[in-house]
Amino acid sequence: MDRIRSILPERAENIFDPLVEMVASGMPLREAIDMIISSQNGALICIGDVETILSLGDGGFMIDLPFTPQRLSELSKMDGAIVLTGDLSRIVCANFHLNPDPGIFTFETGMRHRSAARTSAQTEATVIAISKRRVQTTLYRKGEGLTLDSDQMLLSKGNQGLLALQNLRNTQERASMRLSFLEIDDIVTVADVAGVLQRYCMLLSTAVQTERYINFLGSNSGLLRSQLHELADGVVDAFILVIRDYAVYSNAENANAVACSLLECPAQALNTQKVMNLLGYTRSFIEEAHISPRGFRAFSRISMLDEAAVAKIIEEYGSLSAIVHDIRGDSYDRLESLGVKNMRGIAKSFMQLRSTL
């Protein structure tokens, strides 16, 4: 998953991602939230940007005591807001009356949630509203709200995400195998390339969304997290190889930039022409137009070749079809002149690979 995050566009990071560890199952703040809900109380909790928060209201009791889940739960019995330091080390005050700007628009209807939404929009604080009547916890940041699901709901969403991910992975692997057949015979079309890249984007986006559900499970996420890592393993590297095979510029830096652009593009807008434009082509394409791979994907499957040797071969030949022509014709002089050792063994491995596809 770290490899996936390394190619994600910046805007893909959810504004609530930094809060996940804070409210994940097993963490002290989540323990306090669960205690408040189980005691059938509501609460308004402001975390961080203390000075600004205190300037938005009045009243309350200055406490300045170390934070514990039990203290927070007991203080929630009072009506006003509870203010905590950003690192959750101390409870600053309780029963504080917030007066955020009423002109800030919000879709919320309840007074507690309206105050929470407006306060988060007006400050850098994270605001948590716990509804007594609806038994619902909502996180607010920068004016946006996110409902904190129960562990049971998160487990359900996580399992659904993993099932979707497994189906997408199976579909993507079939599409990749078909592309390999077409590449060896040099009959790839731009529609084939676009289809594979679209599937990779859907697969990676689903993996990121599923990870968010799993992260909220905290200490209860072990098995789901292992399954997610297994399903996501190797996907980014395969995605990058497809890009390097077909992008106008094949270097790794450009491939990572193209991957980021593909993931940033909304799925409904990622048609064949858009994919080709992001790969660096400026002309228009029909879906049946022919396009030749360089060979990064094909030769990545041969363990006898390291990355430097593959790059050297592809730089010399320019396309997979030219390499296949020499290998099929038992013509190794040009390949051996590159300094690649055991070229005949490599060629044999390549032809065996072809027969197993």
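# Close-up views of a predicted model

The structure holds 3 aromatic pairs. Here, rings of Phe, Tyr and Trp (its six-membered ring) pair if their centres lie within 6.5 Å; planes under 30 degrees apart count as stacked, over 60 as edge-to-face and the rest as tilted. This is a predicted model: local features need pLDDT of at least 70, side-chain atom pairs count only at pLDDT 80 or more, and totals for chains, interfaces and linings use all residues. Residues are numbered from 1 along each chain as its sequence is written, and side-chain values use heavy atoms, with hydrogens and water left out.

**View 1. Phe105 and Phe107 form an edge-to-face pair.** The ring centres of Phe105 and Phe107 lie 4.8 Å apart, and their planes meet at 80°, so the pair is edge-to-face. Phe105 has 64% relative accessibility and counts as exposed. Phe107 is exposed too, with a relative accessible area of 75%. The terms run as follows: buried means under 20% relative accessible area, exposed over 50%, and partly exposed in between (1.4 Å probe, protein chains only).

**View 2. Tyr200 and Phe239 form a tilted pair.** Their ring centres are 5.5 Å apart, with 40° between the planes. This pair links distant parts of the chain. Tyr200 belongs to helix α8 (residues 190–216) and Phe239 to helix α10 (residues 235–246), 39 residues apart. Helices (H or I, at least four residues) and strands (E, at least two) are DSSP runs, numbered from the N terminus. Tyr200 is buried, at a relative accessible area of 2%. Phe239 is buried as well, at 0%.

**View 3. Arg244 places its charged end over the ring of Phe296.** The distance to the ring centre is 4.3 Å. A charge sits over a ring if NZ of Lys or CZ of Arg is within 6 Å of the ring centre and within 35 degrees of the ring normal.

**View 4. Strand β6 is largely enclosed by the rest of the structure.** The strand covers residues 126–131, and 6 of its 6 residues are buried. In a regular strand the side chains alternate between the two faces of the sheet. Both faces of β6 are covered. Thr126, Ile128 and Ile130 are buried on one side; Val127, Ala129 and Ser131 are buried on the other. Ile130 has a relative accessible area of 0%. Its C-alpha lies 35 Å from that of Cys265, and Ile130 and Cys265 are 135 residues apart in sequence.

**View 5. β6 pairs with β1 and with β7.** Two strands pair if DSSP finds at least two bridges between them. Strand β1 (residues 43–47) runs antiparallel to β6, joined by 5 bridges. Ile47 stands opposite Thr126. β6 and β7 are also antiparallel, over 5 bridges. Here Ile130 faces Thr137 as its opposite residue. The hairpin of β6 and β7 has 4 residues between the strands, and Val135 takes a positive phi near 50°.

**View 6. β7 and β8 form a hairpin.** Strand β7 (residues 136–141) and strand β8 (residues 144–148) pair in the antiparallel sense over 5 bridges. The bridge partner of Arg141 is Glu144. There are 2 residues between the strands. Lys142, in the turn, has a positive phi of about 55°.

**View 7. Arg141 and Lys142 help line the second largest cavity.** On a 1 Å grid over the protein atoms alone, a cavity is a set of points where a 1.4 Å probe fits but cannot get out; lining residues have an atom within 4 Å of a point. Grid points are joined across faces, edges and corners, and a volume is the space filled by probe spheres set on the points. The count is 2 cavities of 30 Å³ or more. The second largest has a volume of about 30 Å³. Its lining also includes Ser120, Thr123, Glu124 and Ala125. The lining residues divide into 1 nonpolar, 2 polar and 3 charged. In this split, Ala, Val, Leu, Ile, Met, Phe, Trp, Tyr, Cys and Pro count as nonpolar, Asp, Glu, Lys and Arg as charged, and the others, Gly among them, as polar.

**View 8. Leu88 and Asn95 have a positive phi.** Most residues other than glycine have a negative phi. Leu88 has a phi of about 60°. Leu88 sits in the loop between β4 (81–84) and β5 (90–98) and is buried, at 17% relative accessibility. Asn95 has a phi of about 55°. Asn95 lies in strand β5 and is partly exposed, at 26%.

How values were computed: 1 Å grid on protein atoms, 1.4 Å probe; cavity = no way out; pocket = protein on both sides within 12 Å on 5 of 7 lines; lining within 4 Å.
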